[in-house]
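Open the model in your viewer and keep the sequence panel visible. The stops below move from one selection to the next.

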Amino acid sequence: MGRTVIVSNRVALPGAQRPGGLAIALLAALRESRGLWFGWSGRCGAASEVPQRCRDGGIDYATLDLSPDDVRDYYRGFGNRVLWPLLHSRVDLVDYARGCRD
């Protein structure tokens, strides 16, 4: 089996709470293939251009911090108001507004 690489909006970093079964299932697959999980660290501040890397339990983590504007516009905006509903078959919840609203 090849190496599993997961790219997601947020990464369940070692030692952080991992709510829900999805993160647990992903961790099992990543451990088995000595995988890589790439995404947002969950931290908001100065946006990072180079991923911060760590290794834990045979899994490599590569994360980026986001700026407050990135969190507002992408994560809370496009990611939560468009991508999540669309990819969960809830097109009735998709926010079709062009601009960002808080």
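In which helix does Ser33 lie? Select Ser33: this residue lies in helix α1, which covers residues 21-33. Bear in mind that the model is predicted.

Stay on Ser33 and turn on its surface. Is Ser33 buried or exposed? The residue counts as buried because its relative accessibility is 12%, and the cut-off for buried is under 20%. Now add Thr4 to the selection. The side chains of Ser33 and Thr4 make a polar contact at 2.9 Å.

**The whole chain**

Zoom out and colour by secondary structure. The protein has 2 helices and 4 strands, and their order along the sequence is β-α-β-β-β-α. The C-alpha trace spans about 40 × 35 × 25 Å along its principal axes. Of the 102 residues, 30% count as buried. Among contacts with a separation of 6 or more, 54% are between residues 24 or more positions apart. Switch to a surface view: the accessible surface comes to about 6,800 Å², and carbon and sulfur atoms account for 55% of that area.

**Strand β4 and its partners**

Select residues 59-66, which make up strand β4. How many of its 8 residues are buried? The count is 7, so the strand is mostly covered by the cut-off of under 20% relative accessible area.

Add residues 36-44, strand β2. Strands β2 and β4 run parallel and are joined by 6 bridges. To see one of these pairings, pick Gly39, whose bridge partner in β4 is Thr63.

Next add residues 52-56, strand β3. Here the pairing with β4 is antiparallel, with 5 bridges. Cys54 is a place to look, since it stands opposite Tyr61 in β4.

Follow the chain from β3 into β4. The two strands form a hairpin with 2 residues between them. Gly57 sits in this turn and has a positive phi of about 60 degrees.

**The nonpolar core**

Keep Tyr61 selected and show side chains. Tyr61 belongs to the largest nonpolar core, which has 10 residues. To display the rest, select Ile6, Val11, Ala12, Leu13, Ala23, Leu27, Leu30, Trp37 and Ile59. Helix α1 and strand β4 each supply at least two residues of this core. Which element gives the largest share? That is α1, with 3 residues.

For a last view, show α1 together with β4: Ser33 lies in the helix, and Thr63 in the strand is the bridge partner of Gly39.

How values were computed: Residues numbered from 1 in each chain as written. Predicted model: local features only at pLDDT ≥ 70, side-chain atom pairs only at ≥ 80, totals over all residues. Heavy atoms only, no water. Buried < 20%, exposed > 50% of the residue type's maximum accessible area, 1.4 Å probe, protein only. Polar contact = N/O pair within 3.5 Å; in protein donor to acceptor, adjacent residues only side chain to side chain. Core = buried A, V, L, I, M, F, W, Y, C linked by side-chain atoms within 4.5 Å. Contact = heavy atoms within 4.5 Å. Areas by Shrake-Rupley, 256 points an atom, 1.4 Å probe, with all protein chains shown as cover.
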